[in-house]
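Visitor: I am new to this structure and should like to learn how its features are read. May we look at it together, beginning with its open spaces?

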Amino acid sequence: MIPARFAPLLSGFLMSLMMSSIVSGISTLRISGAGEGFISAWIAAWAYSWPVAFPVVLVVAPLVRRIVAKAVRKPDPV
């Protein structure tokens with residue numbers, strides 16, 4: 001098991017992996033269609049996008065958490 005202190009890093013890794021693969025897949029499908037060569041084009045597009053997405057997620061996620069914390073109302077004490 002991975003130590004808990006690495007949870008934010010692992011979360012960013014998995015989030016960026018999934019999101020960049022989905023977005024690059026949709027973009028590749030839209031541009032080139034689902035024909036021959038789609039998978040290799042998708043993997044190539046993902047190979048460029050994921051190394052950008054991972055550090056961006058690590059930097060942006062804490063900012064997003066702070067914005068959300070300010071945007072939501074705290075629960076009333078019972």
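**Reading the largest pocket**

Guide: In this predicted model, the largest pocket is lined by P8, L9, S11, G12, M15, M19, V57, L58, A61, P62 and R65.

Visitor: How is such empty space found, and what volume does the largest pocket have?

Guide: Rolling a probe the size of a water molecule over the atoms shows where empty space is left. Here the volume of the largest pocket is about 190 Å³.

Visitor: Which helix gives the largest share of the lining?

Guide: Helix 1 does, with six residues. At least two lining residues come from each of helix 1 (7-32) and helix 2 (38-71).

Visitor: How do the lining residues divide into nonpolar, polar and charged?

Guide: Eight of them are nonpolar, two are polar and one is charged.

Visitor: Let us turn to one residue of that lining. Is M19 buried, partly exposed or exposed?

Guide: A residue counts as buried under 20% relative accessible area and as exposed over 50%. M19 has a relative accessible area of 45%, so it is partly exposed. M19 belongs to helix 1. Between M19 and W50 the C-alpha to C-alpha distance is 8.7 Å, although 31 residues separate them in sequence.

Visitor: How many helices and strands does the protein have, and why is it said to be more spread out than a compact globule?

Guide: The protein has two helices and zero strands. Its radius of gyration is 17 Å, whereas the globule rule gives 12 Å for 78 residues; the protein is therefore more spread out than a compact globule. The C-alpha trace spans about 60 × 30 × 20 Å along the principal axes.

Visitor: What share of the residues is buried, and what supplies the exposed surface?

Guide: Of the 78 residues, 13% count as buried. The protein exposes about 6500 Å², and carbon and sulfur atoms supply 75% of that area.

Methods: Residues numbered from 1 in each chain as written. Predicted model: local features only at pLDDT ≥ 70, side-chain atom pairs only at ≥ 80, totals over all residues. Heavy atoms only, no water. 1 Å grid on protein atoms, 1.4 Å probe; cavity = no way out; pocket = protein on both sides within 12 Å on 5 of 7 lines; lining within 4 Å. Points joined across faces, edges and corners; volume = space filled by probe spheres on them. Helix = DSSP H or I, 4+ residues; strand = E, 2+ residues; numbered from the N terminus. Nonpolar A, V, L, I, M, F, W, Y, C, P; charged D, E, K, R; others polar. Rg over C-alpha atoms; globule rule 2.2 N^0.38 Å. Buried < 20%, exposed > 50% of the residue type's maximum accessible area, 1.4 Å probe, protein only. Areas by Shrake-Rupley, 256 points an atom, 1.4 Å probe, with all protein chains shown as cover.
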